[in-house]
Amino acid sequence: MKKIFSLLALTFTLMACTHHTYTVSETTNNSTPRIREKMPEMVGPQISSAVPDATAFRMSGDYAHNVAVTLNSNGELLYFPAPSDITADSEPVELVDGWWLNNQGLGPNSVFTKYTFAEYASLPATPSIEQLKLSIIPGAKVTGFMELPYKIGEANDNLEAVKDFVKSH
């Protein structure tokens with residue numbers, strides 16, 4: 001019975017996801033790989049109540065340009081993105097007092113890898129679990145995590161209000 005409820009929750013969550021199309025830019029003028037640029041949203045009905053709340057996080061150092069992965073309580077990889085998941089919209093946005101708006105799906109157990117967003121997005125395939133584990137920067141982790149009173153898409157559109165909320169908490 002528990003499996004059925006988990007499957008239903010996952011189904012409803014996936015139904016709420018929107019589809020995005022991205023263009024691929026091979027390099028910038030200085031031969032640095034570019035992150036894919038987001039195309040306009042597709043139009044259609046959305047289930048707004050299933051969209052998760054936005055979150056903010058603090059980190060143990062300057063890792064805002066590094067791709068994060070999430071570990072479980074045993075230190076095993078729980079979540080890691082595919083290179084195609086990394087877009088120009090994935091990088092966190094600086095808020096206030098060391099807090100950053102989470103645009104990558106980090107959690108309290110997230111750690112940062114040596115891969116920058118541009119490097120990771122240009123990879124031809126997802127690194128192996130072993131490669132990802134070896135890429136984790138020692139001590140580079142999420143040190144604070146906060147749920148925000150905005151849905152994920154709303155937070156980026158209301159940065160001043162998000163900053164005010166973070167300052168007051």
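Which residue in strand 8 is the bridge partner of T70? The partner is S110, and this pairing is one detail of the sheet described below for what is a predicted model.

## Overall architecture

The protein contains five helices and nine strands. Along the sequence these elements follow the pattern α-β-β-β-β-β-β-β-β-α-α-β-α-α. Of its 169 residues, 32% count as buried. Among contacts with a separation of 6 or more, 71% are between residues 24 or more positions apart.

## The seven-stranded sheet

Seven strands form an open sheet in the order 5-4-8-9-3-7-6, with antiparallel pairing. Strand 5 and strand 6 stand at the edges; each has a single partner strand, so one side of each lacks a neighbour in the sheet.

Strand 4, residues 66-71, pairs with strand 8 in the antiparallel sense over four bridges, and the bridge between T70 and S110 joins these strands. On its other side, strand 8 is linked to strand 9 by two bridges, again antiparallel. Here V111 stands opposite K141 of strand 9. Strand 8 spans residues 110-116, and because five of its seven residues are buried, the strand is largely enclosed by the rest of the structure.

Strand 9, residues 136-151, also pairs with strand 3, residues 53-59, in the antiparallel sense, over six bridges. Within this pairing, A56 has M146 of strand 9 as its bridge partner. Strand 3 further pairs with strand 7, residues 100-101, through two antiparallel bridges, where F57 stands opposite W100. Five of the seven residues of strand 3 are buried, so strand 3 is largely enclosed by the rest of the structure.

## The loop after strand 3

S60 lies in the loop between strand 3 and strand 4. Is S60 buried or partly exposed? Its relative accessibility is 37%, so S60 counts as partly exposed: the value falls between the limits of under 20% for buried and over 50% for exposed.

Leaving aside neighbours within four places in sequence, S60 is in contact with G139, A140, K141 and T143. K141 is also the residue of strand 9 that stands opposite V111. A polar atom of the S60 side chain lies 2.6 Å from the backbone oxygen of G139. S60 and G98 are separated by 38 residues in sequence, and their C-alpha atoms are 9.7 Å apart in space.

## The loop between strands 6 and 7

D97 is placed in the loop between strand 6 and strand 7. The phi angle of D97 is near 50°, a positive value in a residue other than glycine. With a relative accessible area of 56%, D97 is exposed, because the limit for that class is over 50%.

## The loop between strands 5 and 6

S90 occupies the loop between strand 5, residues 77-79, and strand 6, residues 93-94; these are the two strands at the edges of the sheet. Is S90 buried or exposed? The relative accessibility of S90 is 4%, so the residue counts as buried, the limit being under 20%.

Not counting residues up to four places away in sequence, S90 touches D85, N103, Q104 and F117. The S90 side chain also has a polar atom 2.9 Å from the backbone nitrogen of T87.

## The internal cavity

How many cavities of 30 Å³ or more does a search of the whole structure find? The search finds one, and the largest cavity has a volume of about 40 Å³. Rolling a probe the size of a water molecule over the atoms shows where empty space is left.

The largest cavity is lined by F57, Y63, A64, N66, P92, Q104, L106, F112 and F117. By class, this lining divides into seven nonpolar residues, two polar residues and no charged residues. Several lining residues connect with features described above. F57 stands opposite W100 in the pairing with strand 7, while Q104 and F117 are among the residues touched by S90.

Definitions and conventions:
Residues are numbered from 1 along each chain as its sequence is written. This is a predicted model: local features need pLDDT of at least 70, side-chain atom pairs count only at pLDDT 80 or more; totals for chains, interfaces and linings use all residues. Side-chain values use heavy atoms; hydrogens and water are left out. Buried means under 20% relative accessible area, exposed over 50%, partly exposed in between (1.4 Å probe, protein chains only). A polar contact is a pair of N or O atoms within 3.5 Å; within protein, one must be able to donate a hydrogen and the other to accept it, and residues adjacent in sequence count only if both atoms are side-chain atoms. Contact means heavy atoms within 4.5 Å. On a 1 Å grid over the protein atoms alone, a cavity is a set of points where a 1.4 Å probe fits but cannot get out, and a pocket is an open set with protein on both sides within 12 Å along at least five of seven lines; lining residues have an atom within 4 Å of a point. Grid points are joined across faces, edges and corners, and a volume is the space filled by probe spheres set on the points. Ala, Val, Leu, Ile, Met, Phe, Trp, Tyr, Cys and Pro count as nonpolar, Asp, Glu, Lys and Arg as charged, and the others, Gly among them, as polar. Two strands pair if DSSP finds at least two bridges between them.
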